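Reader: I have a model open and want to walk through its sheet, core and cross-links. Where should we start?

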Amino acid sequence: LDATPLSSDNYADWYEVVLPKGVVRAFYDVGRGVVIGPINSFSNNQITFDVKVTEPRCIRTKPYLDMFGHLSPVPPGSSLYFSVNVQNLDSPACPASNFVITSVLPDGWNFPPIETIKLQPDGDAAWTILQVDVPQTAKPGPYTIQIKATNINSLKADTITTTINVQ
């Protein structure tokens, strides 16, 4: 069973539900409350399979975190700005969650606090701007920083690590 058999996008096909013929198994999505399969019968122009709707369950997962921003070398005393995207990937049966963004920075670097972000489940996302202050005393060279988004309700988190080069 292929939901889009004429698809020319192989990348999208990886995310589709596939029930291979001759295999007695089903696709379970407990977070959405659906069971599809097994295939009962098939021919060249028809397929029969079972679908069962169940009570959806709240499945908490780590958030998705993405960051875009300053990559070129910076002088000491600079403030860097990054666009950060946080996405709640909890299943639809979950209530909204609060997310906090934190950082791990070299000694003397500053990351002004960001307010808690409230996101609905199943893909709700928010963009925010992060500021990272490089101290005037920073020596030239590469410095590693980490940005972390944590779901306060489940304590699941995602972290991005990047390198900042100080001139």
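Author: Start with one term: contact means heavy atoms within 4.5 Å. Keep in mind that this is a predicted model.

Reader: With that cut-off, which residues does threonine 162 touch, beyond those up to four places away in sequence?
Author: Threonine 162 sits in strand β10. Residues up to four places away in sequence are not counted. Heavy atoms within 4.5 Å make a contact. That leaves Met67, Tyr143, Thr144 and Ile145.

Reader: Is threonine 162 buried or exposed?
Author: Buried means under 20% relative accessible area. Threonine 162 has 16% relative accessibility, so it counts as buried.

Reader: In what order do the four strands of the open sheet run?
Author: Take the pairs one at a time. Three bridges join β6 to β7, and six bridges pair β6 with β9. β9 and β10 pair over ten bridges. The pairing is antiparallel, and the order is β7-β6-β9-β10.

Reader: Which strands stand at the edges?
Author: Look for strands with a single partner strand. One side of each is left without a neighbour in the sheet, because each has just that single partner. The edge strands are β7 and β10.

Reader: How many degrees does the twist average from one strand to the next?
Author: The strands in question form the open sheet β7-β6-β9-β10. From one strand to the next, the twist averages 25 degrees.

Reader: Which residue in β10 is the bridge partner of isoleucine 147?
Author: β9 and β10 pair in the antiparallel sense. Isoleucine 147 has its bridge partner in β10, and that partner is isoleucine 160.

Reader: And which residue in β9 stands opposite isoleucine 101?
Author: Here the pairing is β6 with β9, also antiparallel. Opposite isoleucine 101 stands alanine 149.

Reader: Which residues have the most contacts inside the largest nonpolar core?
Author: This core has 26 residues. β4, β5, β6, β7, β8, β9 and β10 each supply at least two of them. The residues with the most contacts inside the core are Phe82, Val84, Val86, Ile101, Trp109 and Val132.

Reader: Take phenylalanine 82: what is it in contact with, leaving aside neighbours within four places in sequence?
Author: Phenylalanine 82 is among the core residues with the most contacts. Leave aside its neighbours within four places in sequence. Its contacts are then Met67, Phe68, Gly69, His70, Thr128, Ile129, Leu130, Val132, Ile145 and Ile164.

Reader: Which cysteines form the disulfide?
Author: The structure holds one disulfide. Its sulfur atoms are 2.0 Å apart, and the cut-off is 2.5 Å. The pair is cysteine 58 and cysteine 94.

Reader: Where do those cysteines sit, and how many residues apart are they?
Author: Cysteine 58 lies in the loop between β3 and β4. Cysteine 94 lies in the loop between β5 and β6. The pair links distant parts of the chain, 36 residues apart.

Reader: Is cysteine 94 buried or exposed?
Author: Its partner, cysteine 58, is partly exposed, with a relative accessible area of 34%. Cysteine 94 has 5% relative accessibility, so it counts as buried.

Reader: How does the aromatic pair of tryptophan 109 and tyrosine 143 count: stacked, edge-to-face or tilted?
Author: The ring centres are 5.1 Å apart. Planes under 30 degrees apart count as stacked, and those over 60 as edge-to-face. Here there are 45 degrees between the planes, so by that rule the pair is tilted.

Definitions and conventions. Residues are numbered from 1 along each chain as its sequence is written. This is a predicted model: local features need pLDDT of at least 70, side-chain atom pairs count only at pLDDT 80 or more; totals for chains, interfaces and linings use all residues. Side-chain values use heavy atoms; hydrogens and water are left out. A nonpolar core is a set of buried Ala, Val, Leu, Ile, Met, Phe, Trp, Tyr and Cys residues joined through side-chain atoms within 4.5 Å. Buried means under 20% relative accessible area, exposed over 50%, partly exposed in between (1.4 Å probe, protein chains only). Helices (H or I, at least four residues) and strands (E, at least two) are DSSP runs, numbered from the N terminus. Two strands pair if DSSP finds at least two bridges between them. Axes are lines fitted to C-alpha atoms, for helices over the stretch in contact, and angles run from 0 to 180 degrees between N-to-C directions. Rings of Phe, Tyr and Trp (its six-membered ring) pair if their centres lie within 6.5 Å; planes under 30 degrees apart count as stacked, over 60 as edge-to-face and the rest as tilted.
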